[in-house]
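Colleague: I've got the model open and a few labels I'd like explained. Can you take me through them?

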Amino acid sequence: MFMLAWGTAFFPGLFFISRKVLKSAFKSWNDADVFVVSERLVSSIHATLATIVGFIIATASSDVMSDRHRLTNEFVWFGAPYMAFDIYAMYLSNYHSQKVKGHEAYRKHSLLTIKLFLLRHPLLVVHHMVLLTVFMPTILFLRTGLGGDFFIGCFFMAEFSTPFVSLGKVLIQLGLEDSWLHRVNGVMVLLSFFTCRILLFPYMYWVYGQQYTIPFHKVPCHLPLHCNLANLSILAPQIYWFVLLCHKAYRLYLRQTRSKGQLARKDGSKTD
């Protein structure tokens, strides 16, 4: 309960403090800038903590099926309030971003603005709710006599890509999408997301096979059907989001290529 109380105070408190500091430090920023950057900052800090904890748990496991680590339940209790609060923080970020753009529906908070937020980010909201209502209770209450903390640690490490995704959105919010930092960060987003959210699943199957001397392609047959279905349900949206990231990166590449071409033509016409 101490970790639950600490998480309940830590994440909303960090969000509140970051808003105050950013508003004071960057007086030219509007509410959308402040709320978006604050929400991304809190998200990145949670992801960094999850990655560190996940690495400690996974590397400390000698038996992937039976070993347990005290950090597992403690971090789940600590992170549960974040999952609930982040939905609210995302709503505020979306609300102020749309309000700054002058959309009539966002003149004040209402059931309509909540509905529009849910329609705009359905997968993210469902993702958070599933983690909060299924993943976390399963870890805390339904593992009687079981370990498997290695796999939980791996799932924690999937958050490694989040700070890079957050930084990319902050740079766009600040109008720096054409900067070298945004390009480098874009590469890191794709690499980290593909490695920690997609390759993670075959890696876990491979480690399981290595421990029990099962060929990699036969591992799914040695696992209960519900385990394979659960992994597939988690993997599917990761692949979807990765495809969206690739499309976004490709569109950005085309836009920058056209911009460079236009600049080159202008420079050429000046020298004629």
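Colleague: Let's begin with the membrane labels. Which residues does the UniProt annotation "transmembrane region" cover?

Modeller: Keep in mind that this is a predicted model. The annotation comes from an unreviewed UniProt entry and covers residues 43-61, 123-144, 150-172, 184-208 and 228-250.

Colleague: What do residues 228-250 look like in the model, helix or strand?

Modeller: That span is 100% helix and 0% strand, and its end C-alpha atoms lie 32 Å apart. For residues 150-172, the figures are 83% helix and 0% strand, with the end C-alpha atoms 36 Å apart.

Colleague: On to charges. What makes E74 and R70 a salt bridge?

Modeller: The cut-off is 4 Å between a side-chain nitrogen of Lys or Arg and a carboxyl oxygen of Asp or Glu. The closest N and O atoms of E74 and R70 are 2.9 Å apart, so the pair is within that limit. Both residues lie in helix α3 (residues 70-100), 4 residues apart, which is about one turn of the helix.

Colleague: Why is R70 called exposed?

Modeller: Exposed means over 50% relative accessible area. R70 has 61%, so the label is exposed. Its partner E74 has 24%, so E74 counts as partly exposed.

Colleague: How do you know that E159 and R197 form a salt bridge?

Modeller: Their closest N and O atoms are 3.7 Å apart, and the limit is 4 Å, so the pair counts. E159 lies in the loop between α6 (149-157) and α7 (162-173) and R197 in helix α8, so the pair ties together parts that are 38 residues apart in sequence.

Colleague: Are those two buried or exposed?

Modeller: Buried is under 20%. E159 is at 15%, so E159 counts as buried; R197 has a relative accessible area of 9%, so R197 is buried too.

Colleague: What about R40, which residue does it pair with?

Modeller: R40 forms a salt bridge with E39, and their closest N and O atoms are 3.5 Å apart. R40 is at 14% relative accessibility, so R40 counts as buried, and E39, at 4%, counts as buried as well. Over the whole structure, the search finds 5 salt bridges.

Colleague: Now the greasy side. Which residues make the nonpolar surface patch?

Modeller: L167, W180, L181, V184, V187, M188 and L191 make a patch of about 640 Å². Helix α8 (residues 180-197) gives the most to the patch, with 6 residues.

Colleague: What makes L181 eligible for a patch?

Modeller: A patch residue needs over 30% relative accessible area. L181, in helix α8, has 35%, so L181 passes that cut-off while still counting as partly exposed.

Colleague: Why is I172 called partly exposed?

Modeller: I172 sits in helix α7. Its relative accessible area is 33%, and partly exposed covers the range between under 20% and over 50%, so that label applies. The C-alpha atoms of I172 and I214 are 46 Å apart, with the two residues 42 apart along the chain.

Colleague: Last one: how much space lies in the second largest pocket, and what lines it?

Modeller: About 1,400 Å³. There are 46 lining residues, and the closest to the pocket's centre are F135, F155, A230, N231 and I234. Elements giving two or more residues to the lining include α2 (31-59), α9 (200-211) and α10 (225-271). The largest share, 10 residues, comes from α5.

Methods. Residues are numbered from 1 along each chain as its sequence is written. This is a predicted model: local features need pLDDT of at least 70, side-chain atom pairs count only at pLDDT 80 or more; totals for chains, interfaces and linings use all residues. Side-chain values use heavy atoms; hydrogens and water are left out. Patches are made of residues with over 30% relative accessible area and no salt bridge: like charges are joined within 9 Å, nonpolar side chains (Val, Leu, Ile, Met, Phe, Trp, Tyr) within 5 Å. Accessible areas come from the Shrake-Rupley method with a 1.4 Å probe; for residues, only the protein chains shown count as cover. Buried means under 20% relative accessible area, exposed over 50%, partly exposed in between (1.4 Å probe, protein chains only). UniProt positions are given in the numbering used here, feature names are shortened, and annotations may be inferred rather than shown by experiment. On a 1 Å grid over the protein atoms alone, a cavity is a set of points where a 1.4 Å probe fits but cannot get out, and a pocket is an open set with protein on both sides within 12 Å along at least five of seven lines; lining residues have an atom within 4 Å of a point. Grid points are joined across faces, edges and corners, and a volume is the space filled by probe spheres set on the points.
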